[in-house]
Amino acid sequence: QYLGILAAPAFWLIFMLRYTKRDHLVSRRNMILLFAPLLFFLTLVWTNEQHHLIWAETHLDQTGVFREPVFGQGFWFLIAYLYITTLLASLVLLNSLSRSPGVYRRQGATLLVATFTPMIASLMTILGLNPLAPLDLTPMSFIVSGAAWLYGRTRLQLLDMLPVARATLVEKLAD
């Protein structure tokens with residue numbers, strides 16, 4: 001579970017850098033700097049029973065009543081790293097959209113909805129602001145995220161090469 005949770009923001013940042021044509025920032029050195037903390041946090045997750053830095057209190061609930069987990073100090077550093085990485089990726093996209101034509105702005109808005117919906121749901125759950133607690137809204141928020149991706153892909157030609165090729169061709173015209 002945490003392998004995917006930890007890797008998703010890093011891969012999202014890489015995707016945004018490539019999507020916005022900032023490939024020069026996707027260097028070996030930067031990838032090591034990006035993924036090294038994730039390996040550290042993954043080690044903390046796997047060895048939590050020895051130090052309780054991620055989950056300060058763990059138990060098997062046999063009563064059928066849900067209890068919120070008690071997070072350790074390391075958990076908050078982990079969450080900060082994940083959200084900062086996701087926000088950085090979103091800032092890269094927003095910076096690029098400010099100089100982009102209309103179709104790219106709509107595509108970017110779709111990507112932002114797909115990004116921020118699970119992020120906000122996760123924050124609400126973690127911070128205890130979830131109105132449907134103990135139900136975790138994060139998994140359900142991926143329905144909205146997936147719908148945004150589907151809309152972007154089918155209606156806005158998100159990730160299609162034709163709009164990019166057309167824009168590049170128009171930019172290169174001499175007249």
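In which loop does H52 lie? In this predicted model, H52 is placed in the loop between α3 and β1, and its backbone has a positive phi of about 55 degrees although the residue is not a glycine. With a relative accessible area of 31%, H52 is partly exposed, because residues count as buried under 20% and as exposed over 50%, with partly exposed in between. A positive phi is also found at K21, where the angle is about 60 degrees and the residue is again not a glycine. K21 belongs to the loop between α1 and α2, and its relative accessibility of 61% means that K21 counts as exposed.

The helix α2 comprises the 19 residues 28–46, which at 1.5 Å a residue should span 27 Å, and the distance of 26 Å between its end C-alpha atoms agrees with this expectation. The helix nevertheless carries a kink of about 25 degrees at F35, shortly before the proline P37. F35 itself, located in helix α2, is partly exposed, with a relative accessible area of 22%. When residues up to four places away in sequence are not counted, F35 touches A10, F11 and I14. For one of these partners, A10, which is 25 residues apart from F35 along the chain, the separation of the two C-alpha atoms is 7.2 Å.

Other positions of α2 are buried, namely M31, L34, L38, F41, L42, L44 and V45. An α-helix has 3.6 residues a turn, so residues three or four places apart point the same way. The buried residues of α2 pack against α1, against α3 (48–51), against β1 (55–57) and against α4.

The largest pocket of the model holds about 1100 Å³ of space. Its lining is made up of 36 residues, among which I5, Y83, S122, I126 and T138 lie nearest the centre of the pocket. Two or more lining residues are given by each of the elements α1 (2–19), α4 (73–97), α5 (102–126) and α6 (137–155), and the element that gives the most is α5, with 7 residues. When the lining of the largest pocket is divided by class, 23 residues are nonpolar, 10 are polar and 3 are charged. Two of the elements named here, α1 and α4, are also among those against which the buried residues of α2 pack.

Terms used
Residues are numbered from 1 along each chain as its sequence is written. This is a predicted model: local features need pLDDT of at least 70, side-chain atom pairs count only at pLDDT 80 or more; totals for chains, interfaces and linings use all residues. Side-chain values use heavy atoms; hydrogens and water are left out. On a 1 Å grid over the protein atoms alone, a cavity is a set of points where a 1.4 Å probe fits but cannot get out, and a pocket is an open set with protein on both sides within 12 Å along at least five of seven lines; lining residues have an atom within 4 Å of a point. Grid points are joined across faces, edges and corners, and a volume is the space filled by probe spheres set on the points. Helices (H or I, at least four residues) and strands (E, at least two) are DSSP runs, numbered from the N terminus. Ala, Val, Leu, Ile, Met, Phe, Trp, Tyr, Cys and Pro count as nonpolar, Asp, Glu, Lys and Arg as charged, and the others, Gly among them, as polar. The expected span of a helix is 1.5 Å times one less than its number of residues. The bend at a residue is the angle between axes fitted to the seven residues ending there and the seven starting there. Buried means under 20% relative accessible area, exposed over 50%, partly exposed in between (1.4 Å probe, protein chains only). Contact means heavy atoms within 4.5 Å.
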